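Biologist: Please take a close look at one part for me: the aromatic rings and their surroundings. I am new to this, so go step by step.

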Amino acid sequence: MPIIYDTAQARFEGAATVEEALDFALWLSATEAAQVDLGAAGPIHSAVLQCLLAARPRLIRPPPEAFLAACLADLPQAGPVAAPTAAPIEKMSDKNKTRKT
């Protein structure tokens with residue numbers, strides 16, 4: 001999974017494709033004081049990049065790719081990296097699905 005969600009933190013690991021954009025947008029809109037760690041991010045689809053630019057979460061670590069880091073340089077910076085305090089949560093889109101009985 002390219003984006004790992006904790007309570008108020010999303011960690012990118014590897015490439016983030018367009019398939020991750022909806023879950024990421026929902027997580028950003030539902031998470032107060034969201035923080036994003038892009039230190040291990042690979043290529044990021046433009047839809048995910050637009051979510052970052054629109055929501056402006058606090059950036060824990062910038063992405064390793066210089067051009068992407070420059071695009072996100074205006075995002076607010078988070079304080080020191082803290083260890084996650086909770087188990088990863090389920091995908092946001094899974095919570096929005098309704099069950100037929």
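Modeller: Rings of Phe, Tyr and Trp (its six-membered ring) pair if their centres lie within 6.5 Å; planes under 30 degrees apart are stacked, over 60 edge-to-face, the rest tilted. By this rule, there are 3 aromatic pairs to find here. The model is predicted, so local features need pLDDT of at least 70 and side-chain atom pairs 80 or more, while totals for chains, interfaces and linings use all residues. Numbering starts from 1 along each chain as its sequence is written, and side-chain values use heavy atoms, without hydrogens and water.

Start with Y5 and W27, whose rings make a tilted pair: the centres are 5.5 Å apart and the planes meet at 45°. Y5 sits in strand β1 and W27 in helix α1, so this pair ties together parts that are 22 residues apart in sequence. (Helices, H or I of at least four residues, and strands, E of at least two, are DSSP runs numbered from the N terminus.) Both Y5 and W27 are buried, meaning under 20% relative accessible area, with a 1.4 Å probe and protein chains only.

Now stay with W27 and turn to F24. Their ring centres lie 6.3 Å apart with the planes at 10°, so F24 and W27 are stacked. Both belong to helix α1, 3 residues apart, which is about one turn of the helix. F24 is buried, with a relative accessible area of 0%, and W27 is buried too, also with a value of 0%. Add F12, and you have the whole group: Y5, F12, F24 and W27 form one aromatic cluster.

Where does the cluster meet the rest of the fold? The largest nonpolar core has 22 residues, and F12, F24 and W27 are among those with the most contacts inside it, along with L38 and I44. (Such a core joins buried Ala, Val, Leu, Ile, Met, Phe, Trp, Tyr and Cys through side-chain atoms within 4.5 Å.) Two or more residues come from each of β1 (3–5), β2 (9–16), α1 (21–30), β3 (35–44) and α2 (46–55).

Finally, follow F12 into the sheet. F12 in β2 is the bridge partner of I3, and β1 and β2 run antiparallel, joined by 3 bridges; strands pair when DSSP finds at least two. A hairpin of 3 residues links β1 to β2. On to β3: 6 bridges connect β2 with β3, and these two strands run parallel. One bridge there matches R11 with D37 of β3.

Notes: Buried means under 20% relative accessible area, exposed over 50%, partly exposed in between (1.4 Å probe, protein chains only).
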